[in-house]
Amino acid sequence: MSDAVTVRRALAQSSLVPLEAQVLLAHVLGNDRSWLIAHADDVLPQQELAQFVSLARRRLDGEPVAYLTGTREFHSLALTVTRDVLIPRPETETLVDAVLAHLPPDTPARVLDLGTGSGAIALAIAHARPRADILGIDQSAAALLVANGNAQRLGIGNVLFEMSDWYSAVGDAQFDVIVANPPYIGAGDPHLGEGDLRHEPRAALTPGGDGLSALAIIVAGAARNLVRGGMLAVEHGYDQSDAVRALFARHAMEGIVAHRDLAGHWRVMTGRRCER
């Protein structure tokens with residue numbers, strides 16, 4: 001790109017998908033995409049142009065937009081994300097929505113978010129249900145720094161983050177809901193070598209093997225920490241619905257329901273601890 005490059009020309013010459021180009025340039029300029037449209041013929045300062053060109057090249061090399069900008073919107077919350085955490089995805093909003101449908105807006109409740117990562121799920125629930133108390137746990141200290149930073153920046157005070165390997169530090173605490181988006185991709189899945197997944201923390205994507213081991217731990221341990229009638233809600237792979245339903249049934253969950261994501265894939269399983 002030569003001197004006197006306008007916003008319009010910079011976007012057109014970036015070779016990026018238009019939406020991604022707009023997101024990156026808006027990030028560099030500290031404005032939103034609507035500003036770009038209104039100022040399409042403005043000349044870009046050389047420093048900002050150079051920054052945009054650098055980010056565009058990195059995106060063309062495969063780096064995720066969320067890591068390049070350091071942000072991702074999830075359930076209407078602007079979250080900080082780093083390479084230490086999984087990038088929140090739209091399908092995980094299905095998991096949050098299933099939990100919110102179970103929790104009355106004005107009723108106190110306790111929620112445990114297993115493997116919280118950036119805190120996306122915990123913070124979305126805490127924001128929508130201010131009378132609920134949310135505990136998000138993760139075994140990654142780096143992830144917990146991101147989650148705590150998000151809570152502080154967003155001013156969400158009804159969530160606490162602690163370090164734990166699944167249930168190990170939870171003890172006998174009782175919760176109305178246990179929710180989890182654990183690693184569930186099979187070790188041999190070719191998607192792990194494609195797209196954004198190449199850059200995300202592998203431990204947050206796959207537990208190895210057939211991808212079900214973390215889900216098995218979560219489902220098997222849920223009854224101990226759920227109140228009677230409490231809900232377990234988990235995200236799983238698009239082809240794992242039958243296997244996860246079988247796990248729920250094996251561990252005496254009742255009212256088992258499968259939920260489709262916005263793309264139509266079976267993505268979330270919910271069930272309740274037996275009342276008896």
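D172 sits out in the open, with a relative accessible area of 59%. The same label, exposed, goes to R224, whose relative accessible area is 54%. In this predicted model, the side chains of D172 and R224 meet in a salt bridge, with 2.8 Å from N to O. D172 belongs to the loop between strand 5 (159-163) and strand 6, while R224 is part of helix 9, so this contact ties together parts that are 52 residues apart in sequence.

That pair is part of a wider set: searching the whole structure turns up eight salt bridges. Another of them brings together R59 and E20, whose closest N and O atoms are 2.9 Å apart. Here, too, distant parts of the chain are linked, as R59 is in helix 4 (residues 46-60) and E20 is in helix 2 (residues 18-29), 39 residues apart. What about the surroundings of R59: is this residue buried or exposed? R59 counts as buried, because its relative accessibility is 16% and the cut-off for that class is under 20%.

R59 has a further acidic partner. A salt bridge also runs from R59 to D196, and in this case the closest N and O atoms are 3.2 Å apart. The link again spans distant parts of the chain: R59 is in helix 4, D196 is in the loop between strand 6 (175-180) and helix 9 (213-225), and their positions lie 137 residues apart in the numbering. As for accessibility, D196 comes out as partly exposed, at a relative accessible area of 23%. Through shared partners, salt bridges join E20, R59 and D196 into one network.

Moving on to the strands, strand 1 (residues 71-74) pairs with strand 2 in the antiparallel sense, and the pairing runs over four bridges. Within this arrangement, T71 stands opposite T80 of strand 2. The two strands form a hairpin with two residues between them, and H75 in that hairpin takes a positive phi near 50 degrees.

Which residues of strand 2 make up its covered face? In a regular strand, side chains alternate between the two faces of the sheet. Strand 2 (residues 77-80) fits that picture neatly: L77 and L79 are on the covered face, whereas A78 and T80 are on the uncovered one. T80, the residue across from T71, is therefore on the uncovered side of strand 2, as the alternation of side chains would have it.

How values were computed:
Residues are numbered from 1 along each chain as its sequence is written. This is a predicted model: local features need pLDDT of at least 70, side-chain atom pairs count only at pLDDT 80 or more; totals for chains, interfaces and linings use all residues. Side-chain values use heavy atoms; hydrogens and water are left out. Buried means under 20% relative accessible area, exposed over 50%, partly exposed in between (1.4 Å probe, protein chains only). Two strands pair if DSSP finds at least two bridges between them. A salt bridge is a side-chain nitrogen of Lys or Arg within 4 Å of a carboxyl oxygen of Asp or Glu.
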